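User: Please take a close look at one part of this model for me. I want to know how its main element is built and how that part sits in the whole chain.

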Amino acid sequence: MTIFAGLVVAWFMTSSMVLKNVVLGLNVMAIVIIIGYVRFYVKKASVNVLKGDFEL
């Protein structure tokens, strides 16, 4: 939600199309990195549960 708010503010405050594309690209990269990290963490946790090696 914070990434989206930053994108909207940058979109309205700048008139440069290049800057808007840079901000959009950075936000997309941040979202991809966050999704990748969450997928890795969930996969790691599910493997630990299947092996029986988990902490409560």
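Analyst: Start at the end of helix α2. The residue that follows α2 is Gly52, and its phi is positive, near 85°. This is a predicted model.

Now the helix itself. Helix α2 covers residues 17-51. Is its length what the residue count calls for? Take 1.5 Å a residue: the 35 residues of α2 should then span 51 Å. The end C-alpha atoms of α2 are 51 Å apart, so the expected and modelled spans agree.

Next, the whole chain. The protein chain has two helices and zero strands. The other helix is α1, residues 2-13. The C-alpha atoms fill a box of roughly 55 × 20 × 10 Å along the principal axes. The radius of gyration is 18 Å, whereas a compact globule of 56 residues would have one near 10 Å.

Burial comes next. Buried residues make up 9% of the 56 residues. The chain exposes about 5100 Å², and carbon and sulfur atoms supply 74% of that area.

Asn27 is a residue to look at in α2. Its relative accessibility is 14%; the cut-off for buried is under 20%, so Asn27 counts as buried. What does Asn27 contact, leaving aside its neighbours within four places in sequence? Asn27 is in contact with Ile3 and Leu7. Residues 2-13 form α1, so these two contacts of Asn27 link α2 to that helix.

Val38 is also in α2. Its relative accessible area is 44%, so Val38 is partly exposed. Val38 belongs to a nonpolar surface patch of about 670 Å². Its other members are Ile34, Tyr37, Phe40, Tyr41 and Val42. Spacing helps in reading such a list. An α-helix has 3.6 residues a turn, so residues three or four places apart point the same way.

Last, a look across to α1. Val9 lies in that helix. Val9 is partly exposed, because its relative accessible area is 46%. Between the C-alpha atoms of Val9 and Val49 there are 42 Å, and the two residues are 40 residues apart along the chain.

Methods: Residues are numbered from 1 along each chain as its sequence is written. This is a predicted model: local features need pLDDT of at least 70, side-chain atom pairs count only at pLDDT 80 or more; totals for chains, interfaces and linings use all residues. Side-chain values use heavy atoms; hydrogens and water are left out. Helices (H or I, at least four residues) and strands (E, at least two) are DSSP runs, numbered from the N terminus. The radius of gyration is taken over C-alpha atoms; the globule rule is 2.2 Å times the number of residues to the power 0.38. Buried means under 20% relative accessible area, exposed over 50%, partly exposed in between (1.4 Å probe, protein chains only). Accessible areas come from the Shrake-Rupley method with a 1.4 Å probe; for residues, only the protein chains shown count as cover. Patches are made of residues with over 30% relative accessible area and no salt bridge: like charges are joined within 9 Å, nonpolar side chains (Val, Leu, Ile, Met, Phe, Trp, Tyr) within 5 Å. A salt bridge is a side-chain nitrogen of Lys or Arg within 4 Å of a carboxyl oxygen of Asp or Glu. The expected span of a helix is 1.5 Å times one less than its number of residues. Contact means heavy atoms within 4.5 Å.
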